[in-house]
Amino acid sequence: MCGIIGVTGTPDACEVLLAGLELLEYRGYDSAGIVVADPEAGTLWRARAAERAGSIQRLRDRLDEVPATPGAGVGHTRWATHGPPTDANAHPHIDCTGRVAIVHNGIIENYRDLAARLDATGHKRTSATDTEVLAHLIEDEVEAGASLGEAVRRCLRAVRGDFAIAAVHAAEPDLLVAARRTSPLIVGKTETVGVVASDVAAALATTRELYALDDDQVAEVRPGAIVVYDLDGVRVEPTRIEVAWGVRRAMKGGYPDFMSKEIHEQPQAVRDTLLGRIGSDGSTEIEELALSDEELRAVRRLVFVACGSSYHAGLVARQAIERWAGVAAEAEVASEFRYRQPVLDDGTLVVVISQSGETVDTLHAMREARRRGARVVALTNVVDSVMSREADGVLYTRAGPEIGVASTKCHLAQLAMLETFALHLARVRGALAGDELAGIAGALLSLPDALQATLARADEFAAVAERFAEVEDFYFLGRRTGFPVALEGALKLKELAYVRAEAYPAGEMKHGPISLIEPGAVVVVIATRSSLWEKVMGNVEEMRARGASVVAVADEGDDETAGLVDAVLEVPSVIELCSPVVNVVPLQSFAYTVARARGNDVDRPRNLAKVVTVE
Ligand code: M6R
């Protein structure tokens, strides 16, 4: 939520900021803004715009006004929390003197108290944001004689909440000051330039020499130099970040949008994630896990904790762990887990699942689990993310950067990694015979080809989706591994197409929701062959008897299923526990097509942001 970029030491500061904002827009696109110091005039130059997808272009339109030799600058792309998306609420925010500017991601929880204090001492606030109080607090500290770095440190001691910030001051035109608590922020440099960014992709265009900041660290970034302090002003060493990919992977590469690019990258994302971790004989190796075989044998219970699509991956993982490794497993939504005082002990392994490694609900749930004595493993796609640095061990997916707000390739890579982990646990604990391990390994290793074959049917999926593009109400049904797929299909349709889509375990419909079924209702059912196929089809009959149209995800060439429904989305057959990896693909395509038919922006659906860093 909200993207931050900052740069110092280049005459192209504004161009760097705008290019960075374009890469960060996935984090929020309610408004955008930049500020640069003008060393000659001793002032700040600011431009802001709140025009959703058009904000950055409006800033570009003003480039002829920028100072000839700009100093340090910061930029921001916003997902609104406090105050509607207007020009006045767009960042950067400035103080009363117009000499301090700040951008912020997160929430200042005690901003009302701080604002009341500032108002009482005569400060004039011009926005409805929580952020603006920071600019005025820094103003007071600078007035009292502090440097910008010291002013930021002092002001953050008074602040409660989660934040990443970057600030500039007209009096120190080469200096960027950056700090974070929970929300992500990295810093980087070359010999002549300094950079600050919310994510690696936005900083990579400038440098590969990047460093992570820990909670409550404040970086002073000057051209070619970074110095980091804690809030007491004690100097600390930031952690170097190793990045294995280039900025081109965060571009569309000829596709009309990031979502279609990322859907087509899925076979590779799964292949890369499995690489070197599974042998065809059922052997497994997960280097970064950092839990010994002995420790894995001592685990009595697993709890998967996550949000959104990552939670759906956890629902699949739980079944694989129980079935293959014979260990009790649960999956829970992070925002609920954190507050229900979960009973955990040192026999519990909590696996937090987060593509970004930043989602604040999941991060706080992870910290709560550790406080309660559980070991914690983080499954994430982002090396050196906040979660991977705080966890006892990590499971990395290797999907490359995912920019589209709807998770696609990262969700599939999560499923592949979690199933690899389940196989690993089964092997280490001796829960399966050698031929069973080899059979599952073979099924996992065949997934990239199965995905390629599935994507070859993309036109068929689109043709089915077009028939239903005007429908306003969908029901998604599945049993066992089909239920998390139904949840994921419904989530994709809701977030992209803005239509109602409810997912239920197929057997649950008759306990209430079936009363909603009448002619015109559309039911999407996961009906690939499994031991529960007959029961699923029984539920399909119940829907059709009440007038619903039924679209089924079914095995290739399964004429029996095709004959019982109105349309099929055919996929290659794989073993049941691996089937979610394949079965979810036609539903991504379905949501994509319906959303595009309705004229929606699939990469930037309304009200959403890629990374959710507020509760
Ligand atoms: O980065 P995370 O995996 O923690 O994100 C979790 C959810 O916010 C995310 O999966 C969200 O539901 C997506 N928009 C789903 O497409």
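How far apart do the C-alpha centres of domain 1 and domain 3 lie? In this predicted model, the two centres are separated by 45 Å.

**Figure 1. Division of the protein chain into domains.** Three domains are assigned along the chain of the predicted model. Domain 1 covers residues 3-250, domain 2 covers residues 260-445, and domain 3 covers residues 456-597. Between the C-alpha centres of domain 1 and domain 3 the distance is 45 Å.

**Figure 2. The ligand and the shell of residues around it.** The ligand occupies the second largest pocket. Around the ligand are 14 residues, of which Ser310, Ser354, Ser356, Thr359 and Glu495 come nearest. Sorted by class, this shell consists of eight polar, four nonpolar and two charged residues. Domain 2 (260-445) and domain 3 (456-597) each contribute at least three residues to the shell. Among the secondary-structure elements, helix H10 (308-325) and helix H18 (482-497) each provide at least two shell residues.

**Figure 3. Polar contacts between the ligand and residues Ser354, Gln355 and Ser356.** An N or O atom in the side chain of Ser354 lies 2.6 Å from an oxygen atom of the ligand. At Gln355 the contact is made through the backbone, where an N or O atom is 2.7 Å from a ligand oxygen atom. Ser356 places a polar side-chain atom 2.7 Å from an oxygen atom of the ligand. The ligand taken alone exposes 410 Å², and the protein buries 91% of that area.

**Figure 4. The cis peptide bond from His91 to Pro92.** The bond that joins His91 to Pro92 is cis, and its omega angle is near 0°. Pro92 is located in the loop that runs between strand S4 (73-78) and strand S5 (93-94).

**Figure 5. Backbone conformation at Gln341.** Which sign does phi of Gln341 have, positive or negative? The value is positive, near 50°, in a residue other than glycine. Gln341 belongs to the loop between helix H11 (334-337) and strand S18 (348-354).

Definitions and conventions: Residues numbered from 1 in each chain as written. Predicted model: local features only at pLDDT ≥ 70, side-chain atom pairs only at ≥ 80, totals over all residues. Heavy atoms only, no water. Domains from an automatic or database assignment. Near = heavy atom within 4 Å. Polar contact = N/O pair within 3.5 Å; in protein donor to acceptor, adjacent residues only side chain to side chain. Areas by Shrake-Rupley, 256 points an atom, 1.4 Å probe, with all protein chains shown as cover. 1 Å grid on protein atoms, 1.4 Å probe; cavity = no way out; pocket = protein on both sides within 12 Å on 5 of 7 lines; lining within 4 Å. Sits in = over half its atoms within 2 Å of the grid points. Helix = DSSP H or I, 4+ residues; strand = E, 2+ residues; numbered from the N terminus. Nonpolar A, V, L, I, M, F, W, Y, C, P; charged D, E, K, R; others polar.
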